[in-house]
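Grab a pen and work through a few exercises on the chain shown below. Try each task before you read its solution.

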Amino acid sequence: MAHQGEIDAAIKHAVSLAADDHGWGSRAVGLISAVTADRLIPDPANPWHPVAWFGTWAGWLEKKMWRDSVGQGAAYLVVALLPVATLGVAVEAATRRHPLAHATATAAAGWLVIGSQSLATEGEQMADELEGDDLSAARDRLPHLCGRIPDTMPEQELARGTIESLAENTADSGVASLWWGSVAGIPGMLIHRASNTLDAMVGHHNEHFEHFGKCAARLDDGLDWIPARLTGILGAICAPSVGGRVVTTARIVARDARNHPSPNGGWCESAWAGALGVQLGGRNVYPGGRVEHRGLLGDGHRPRAGQVRDGARLVRVVTAAATALAAGACLGIGPLIRAHSSARKAPTHSPSRKASR
């Protein structure tokens, strides 16, 4: 039996290894725990959700700072994000050298910002209503997912709007959170979610926000640039989970992603179109009478209720794949840091000089 001293030494060595990787291992555990919690624990209802608290703060600040100016919008963006960034950096710094605390804090932050479960559930509920021919209930539900006017939408347009929203929001509320969590930890996740919220609040192409919200929209596009492309790639890889083909989906993404007006949305929506074998895009009508004509994505028929259900399943599968990728990246970086640290700490010996004769 090992002596108590040997056990204590082993525990101390394990804790030292966990601390020496600068929190990468505990970050991986935290991200996996966050996605698990998202599946099992419902989000706090408004107004108790911290994202709603941030929205209240940002809304109050917008009323105080609004000017029809890009520069004023940039100042608003900095002031709005500063408390979130400060909190994230402080929590990351305070817990990073303490593996259990760091994993717990990362999991809590991730649970608050990751929304894949609620997104997939909304898609499944829309599928239920479309399958039951309850178009009135389906039209009432669509604003939970996107901002189009649903009043006269037929089943196919309701299904299309839902699938497009499922695809794009998989990047926003799932893959991007995991990406920034793996790259920049707790501050990365919080800043991304806050910037995404600001974009939803002020990043609109209308008379009031065209200039003031420009920086918020550009920041959100920048933060989602890599995650959107990862979502498209993972959507193609995961296409067989909903009856699609990897090669076909990848071809559609490569061909059609540029047809979307967003620099990021086309990667996600074309992946869902290819995996589900449907065609997305077309004419959208928004409040205020604004009409947008989007390029077509995919080669199939217009979607129906069955494809909505499959689209919700793809949200979960892609999120799981992104979780494995993010955690694997963290676990791969930790040993590299430890090896580099050990190499730097290793004593160096200068070659001995032969005695002069």
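The exercises go from the whole chain to single helices, helix pairs and single residues.

Some ground rules: residues are numbered from 1 along each chain as its sequence is written. This is a predicted model, where local features need pLDDT of at least 70, side-chain atom pairs count only at pLDDT 80 or more, and totals for chains, interfaces and linings use all residues, while side-chain values use heavy atoms and leave out hydrogens and water.

**Exercise 1: the whole chain**

Work out how many helices and strands the chain has, and what pattern they follow along the sequence.

Step 1. Start with the count: there are 12 helices and two strands. Both come from DSSP runs (H or I, at least four residues, for helices; E, at least two, for strands), numbered from the N terminus.

Step 2. Now read along the sequence, and you get α-α-α-α-α-α-α-α-α-α-α-β-β-α.

Step 3. Add burial: of the 357 residues in the chain, 46% are buried. Buried stands for under 20% relative accessible area, exposed for over 50%, and partly exposed for what lies in between, with a 1.4 Å probe and protein chains only.

Step 4. Finish with contacts, meaning heavy atoms within 4.5 Å. Among contacts with a separation of 6 or more, 71% join residues 24 or more positions apart.

**Exercise 2: two helices end to end**

Compare the span of helix H2 and of helix H3 with the expected one.

Step 1. The expected span is 1.5 Å times one less than the number of residues.

Step 2. H2 (residues 24-40) has 17 residues and reaches 24 Å from its first C-alpha to its last, close to the expected 24 Å.

Step 3. H3 (residues 50-65) has 16 residues that should span 22 Å, and its end C-alpha atoms are 22 Å apart, so the two agree.

Step 4. Look at what is tucked away. The buried residues of H2 include Trp24, Arg27, Leu31, Val35 and Asp38. A general point helps here: an α-helix has 3.6 residues a turn, so residues three or four places apart point the same way.

Step 5. In H3, the buried set is Phe54, Gly55, Ala58, Gly59, Leu61, Glu62 and Met65. Those residues pack against helix H4 (70-95) and H8.

**Exercise 3: H11 and its partners**

Describe how H11 packs with H8 and with H10.

Step 1. Two packed helices are described by the angle between their axes and the distance between the axes. Axes are lines fitted to C-alpha atoms, for helices over the stretch in contact, and angles run from 0 to 180 degrees between N-to-C directions.

Step 2. H8 (residues 155-202) and H11 (residues 265-276) pack at about 125°, with axes 8 Å apart. That makes H8 and H11 oblique to each other, given that under 35 degrees counts as roughly parallel, over 145 as roughly antiparallel, 65 to 115 as roughly perpendicular and the rest as oblique.

Step 3. The H8 and H11 crossing is right-handed (near helix turned clockwise from the far one by less than a right angle; anticlockwise would be left-handed). Its contact includes Ile163, Glu164 and Ala167 of H8 and Cys268, Glu269 and Trp272 of H11.

Step 4. For H10 and H11, the angle is about 145° and the axes are 8 Å apart. This crossing is right-handed too. Thr249, Ile252, Val253 and Asp256 of H10 meet Trp267, Ser270, Ala271, Gly274 and Ala275 of H11.

**Exercise 4: buried or exposed?**

Sort Val253, Thr162, Glu164 and Asp133 into buried or exposed.

Step 1. Val253 sits in helix H10 (residues 246-256). Its relative accessibility is 6%, so Val253 is buried. Val253 touches Gly232, Trp267, Ser270 and Ala271, leaving out residues up to four places away in sequence.

Step 2. Thr162 is in helix H8 and is buried at 0%. Beyond four places in sequence, Thr162 touches Gly123, Met126, Leu142, Leu145 and Val308.

Step 3. Glu164 also belongs to H8, and with a relative accessible area of 1% Glu164 is buried. On the same counting, Glu164 touches Arg148, Glu269, Leu280, Gly281 and Arg294.

Step 4. Asp133 lies in the loop between helix H6 (116-131) and helix H7 (135-141). At 64% relative accessibility, Asp133 is exposed. Asp133 also has a positive phi of about 55°, although it is not a glycine.
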